[in-house]
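Trainee: Before we start, I would like to go through the terms used for this model and see how each one is justified.
Mentor: Then ask about them one at a time.

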Amino acid sequence: MLEHSHPDVQRSLRLGVAGPVGTGKSSLIALLCRELGTELSLGVITNDIYTDEDARFLRSAGVLAPERIRAVETGACPHTAIRDDVSQNLLAVEDLEQDFTPVDVVLVESGGDNLTATFSPALVDAQFFVLDVAGGGDVARKGGPGIAGADVLIVNKTDLAPYVGVDVEQMVRDASAAREGRTVIALSRTDPTSIARVRTWVLDTLAEFRSGALRPRDPGPMAPHAHADGTVHTHADDSVHPHGDAGRGHEH
Ligand SMILES: Nc1nc2c(ncn2[C@@H]2O[C@H](COP(=O)(O)OP(=O)(O)OP(=O)(O)O)[C@@H](O)[C@H]2O)c(=O)[nH]1
Ligand SMILES: [Mg+2]
């Protein structure tokens with residue numbers, strides 16, 4: 001099993017939760033804390049650009065001891081801190097592991113971004129990408145590194161499908177096609193069966209991690225994009241380095 005930088009501290013399974021703004025990343029984390037918090041020792045790291053809004057939401061949800069929920073304020077393009085320079089997040093994860101050892105799982109929420117943000121395998125062992133039906137059924141067909149390559153794709157808020165005219169089964173089929181069959185879970189907080197699937201996925205992944213069989217996959221480079229200040233990032237910025245310091249040259 002992978003080690004914590006401190007030899008006496010257990011290294012947790014680190015799970016990333018990424019996806020566009022408002023799709024339900026914090027809600028998924030709250031749900032997992034509620035479902036697993038009694039049987040597992042959990043920690044949560046949130047990433048916001050300028051605030052600790054998500055951490056405050058999760059603390060107020062009362063699903064986990066407030067001191068196990070910590071905010072990283074990225075102060076920059078949110079994907080930078082989860083992909084390019086993950087040191088702030090890694091330190092936050094290791095501090096949690098040390099303070100509450102043994103920690104079984106740390107959930108890391110990315111700042112809400114568009115479709116391009118994925119976690120570096122240097123930070124997380126596996127990752128969720130969260131879409132919601134309210135964003136439109138066609139989003140799943142758009143692909144991109146998160147949709148195509150995350151370990152599990154969540155199609156969230158299926159209870160809203162009738163109101164927004166989305167065919168959930170079609171959206172799941174489109175997403176599965178974009179992912180070459182990797183796991184897609186249609187989820188709603190009002191649907192216990194779907195919640196049980198997500199719970200089982202985490203427990204299975206934890207078992208795989210503990211057996212030493214889990215190998216972090218990199219969903220791939222950030223999609224090329226430009227910023228208002230004229231900075232342009234190309235695929236070449238995100239060539240993956242064996243030690244995980246992908247994106248050297250991706251400067252903000
Ligand atoms: N109807 C419905 N609403 C949901 C569900 N899950 C989350 N929501 C709502 O979606 C909104 C956004 O949820 P959040 O969990 O804050 O989304 P987020 O992705 O963390 O948002 P950012 O961190 O701002 O990007 C909230 O109003 C939630 O109550 C669901 O299963 N069904
Ligand atoms: Mg959030």
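The exchange below takes up a few residues, the sheet and one helix.

Mentor: This is a predicted model, in which local features need pLDDT of at least 70 and side-chain atom pairs count only at pLDDT 80 or more, while totals for chains, interfaces and linings use all residues. Residues are numbered from 1 along each chain as its sequence is written, and chains are lettered from A and ligands numbered from 1 in the order in which they are written.

Trainee: What makes proline 20 partly exposed?
Mentor: A residue is buried if 20 or more other C-beta atoms, placed from the backbone, lie within 10 Å of its own, exposed if 12 or fewer, and partly exposed in between. Proline 20 has 19 such neighbours, so it counts as partly exposed.

Trainee: Why is glycine 24 called buried?
Mentor: Glycine 24 has 21 other C-beta atoms within 10 Å, so it is buried. Glycine 24 lies in the loop between strand 1 and helix 1, and proline 20 lies in that loop too. Helices (H or I, at least four residues) and strands (E, at least two) are DSSP runs, numbered from the N terminus.

Trainee: Which residues is glycine 24 in contact with, leaving aside its neighbours within four places in sequence?
Mentor: They are Val130, Asp132, Asn156 and Lys157. Contact requires C-beta atoms, placed from the backbone, within 7 Å. With the same sequence neighbours left aside, proline 20 has contacts including Gly112 and Gly135.

Trainee: How do you know that strand 2 and strand 4 pair?
Mentor: Two strands pair if DSSP finds at least two bridges between them. Here 5 bridges join strand 2 (residues 42-48) to strand 4 (residues 105-109), and the two run parallel. Glycine 43 has valine 106 as its bridge partner in strand 4.

Trainee: What is the order of the strands in the sheet?
Mentor: The open sheet has 7 strands in the order 3-2-4-1-5-6-7, with parallel pairing. Strand 3 (69-73) and strand 7 (184-186) are the edge strands, as each pairs on one side only.

Trainee: How do you know that the length of helix 4 agrees with its residue count?
Mentor: The expected span is 1.5 Å times one less than the number of residues. For the 13 residues of helix 4 (residues 87-99) that gives 18 Å, and the end C-alpha atoms are 18 Å apart, so the two agree.

Trainee: Which residues of helix 4 are buried, and why are they said to line one face?
Mentor: Asn89, Ala92, Val93, Leu96 and Glu97 are buried. Seen down the helix axis, the buried residues fall within an arc of 135 degrees, so they line one face of helix 4. The arc is taken from the directions from the helix axis to the C-beta atoms.

Technical notes:
Contact = placed C-beta atoms within 7 Å.
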